[in-house]
Amino acid sequence: MARVTAGIATSHVPAIGAAIDLGKTQEEYWAPVFAGYEWAKEWIKGEMPDVVILVYNDHASAMMLDIVPTFALGFAEEFEPADEGWGARPVPTVYGHTELAAHLAEQLVIDEFDLTIMNHMDVDHGLTVPLSLLFGQPEQWPVRVIPLAINVTQFPTPSADRCWQLGAAIRDAVAAFPEDLKVQVWGTGGMSHQLQGPRAGLINPEFDVSFLDKLTDQTDELRKITRLDFLREAGSEGIELIMWLVMRAALGEKVEELHRFYHVPASNTAVGHIVLKPRD
Amino acid sequence: MRQRLYPLEDLEDIPGTTVFTAARSRQAYHLHKFCMSLMDKDNRNAFKADERAYLDRFRMSDEQKQAVLDRDFNRLIELGGNIYFLVKLSNTDGWSAQRAVGSMTDMTPDEYAAMMRAGGRPPAGLRSIRDKN
């Protein structure tokens, strides 16, 4: 049977991708950011999953215009890196896992999550930067990836608790998949940041660290955070943290925190990263 | 009436912040069509060659077109724009996201970069217009 073996959360700041692509990771500004990922890069070599269900948001690259899906599941054999206005990132094509994706597409709708199925989409920095942070610059990504894009752009965004419930349903669906697969669920985006208006540049370390602290065993409190709370405390783009809750719920009730990292800033954003493992 | 966790009017109570609602999304649909067209290299070149003529291909308002020409991101957001679309424009210009975002504040690019390096903008006093906290 398939099983969720671990969860990873990380910010997905586009400038981090640019720093990797342009060979700037050892520069003074960037070195502390990348140092924070060394532990997980080593750890994952011994814990390599077959498939990553990668929860991210599309930044108006493949969606958010003619259609505005709340939950969109990538159902293609492959996903090309998107051109976000200065050429596509020089990273490998992302290969999906259509059998598990088909299973998820059925199980999750049966469980009343009305997904949008994406048979074609390009993937932007929201998906490719986390892969780069964990796997560096390989010729091919070492894992299959099922993209799960969540609307955090156009109000209303799904509630924190709805994202939690989706994660719990993903856990059940993975456990019901007959093939013996190791699956990780990644939640990406965040932490506090605001990319618009006179309030741009907002960072709230107290909120962020509290979120990290509660992610292991005080998750009931995180599930109650409203969009208004995120706006007030974590900036207009801090809402991306709801995607971390999909990851966390997919791990089951008890988890162990293996690693965490927090750093301000990368470009406009507070960088957060955590690695969690389910406990029986 | 169904209960809501908070009054939706409170979304307008955040200082210096605009929530991208469905109505704003519709208002900026053609502006955003323009932004997303810049994901194509040929389109970027056509835009750079003659910005005004390129903008006239889209059913945007004159105010939106002028704000694009002015690279006035606060005005573009006022006219319905959302930053995830608008960065396609700043990327086309070769601007960093930090420069585009910082241009919406009252700071110079260097001042904004220095604020971010020093830990960013603290939320104190910026949570609520009404409560001034």
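Below, a student and a tutor talk through a predicted model, moving from chain B to its contacts with chain A and then to the nonpolar core.

Student: What pattern does chain B follow when it is read along the sequence?
Tutor: Chain B holds 9 helices and 0 strands, and of its 133 residues 48% count as buried. Its C-alpha trace spans about 50 × 45 × 20 Å along the principal axes. Read along the sequence, the pattern is therefore written with helices and without strands, as α-α-α-α-α-α-α-α-α.

Student: Which feature does UniProt place at residues 31–117 of chain B?
Tutor: In the model, the span of residues 31–117 of chain B is 70% helix and 0% strand, and its end C-alpha atoms lie 33 Å apart. The name comes from the UniProt record, an unreviewed entry, which places here the feature "domain: Extradiol ring-cleavage dioxygenase LigAB LigA subunit".

Student: Why do the buried residues of helix α9 of chain B lie on the same side of it?
Tutor: The buried residues of this helix, which runs over residues 109–117, are B:Tyr112, B:Met115 and B:Met116. On the other side of α9(B), B:Asp110 and B:Arg117 are exposed. The three buried residues lie on the same side because the arc they cover around the axis is only 100°.

Student: Which elements do the buried residues of α9(B) pack against?
Tutor: The residues concerned are B:Tyr112, B:Met115 and B:Met116, and their partners are drawn from both chains. From chain B comes α8 (97–102), while chain A gives β9 (255–266) and β10 (269–278).

Student: How much area do chain B and chain A bury between them?
Tutor: The size of an interface is often given as the accessible area lost when the parts come together. Here 51 residues of chain B are in contact with 43 residues of chain A, and the count of salt bridges between the two chains is 5. Of the buried area, 59% is on carbon and sulfur atoms, and the total is about 4,200 Å².

Student: With which side chain does that of B:Asp13 meet in a salt bridge?
Tutor: A salt bridge calls for a side-chain nitrogen of Lys or Arg within 4 Å of a carboxyl oxygen of Asp or Glu. For B:Asp13 the N to O distance is 3.0 Å, and the partner is A:Arg232.

Student: Is B:Thr21 buried or exposed?
Tutor: B:Thr21 lies in the segment before α1 (22–27) of chain B, and, leaving aside neighbours within four places in sequence, B:Thr21 is in contact with A:Gln154 and A:Phe155. Its relative accessible area is 18%, and because the cut-off is under 20%, B:Thr21 counts as buried.

Student: How wide an arc do the buried residues of helix α1 of chain A cover around the axis?
Tutor: In this helix, residues 14–21, the buried residues are A:Ile16, A:Gly17, A:Ala19 and A:Ile20. They lie on the same side of α1(A), because the arc they cover is only 160°.

Student: Which helix gives the most to the largest nonpolar core?
Tutor: In soluble globular proteins, nonpolar side chains tend to be buried together. The largest nonpolar core has 136 residues, of which A:Ile16, A:Ile150, A:Phe211 and B:Phe34 touch the most other members. With 8 residues, the helix that gives the most to this core is α6 (residues 160–175) of chain A.

Note on methods: Residues numbered from 1 in each chain as written. Chains lettered and ligands numbered in written order. Predicted model: local features only at pLDDT ≥ 70, side-chain atom pairs only at ≥ 80, totals over all residues. Heavy atoms only, no water. Core = buried A, V, L, I, M, F, W, Y, C linked by side-chain atoms within 4.5 Å. Buried < 20%, exposed > 50% of the residue type's maximum accessible area, 1.4 Å probe, protein only. Helix = DSSP H or I, 4+ residues; strand = E, 2+ residues; numbered from the N terminus. UniProt positions renumbered as here; feature names shortened; annotations may be inferred. Arc of directions from axis to C-beta. Contact = heavy atoms within 4.5 Å. Buried area = accessible area lost by both parts, 1.4 Å probe.
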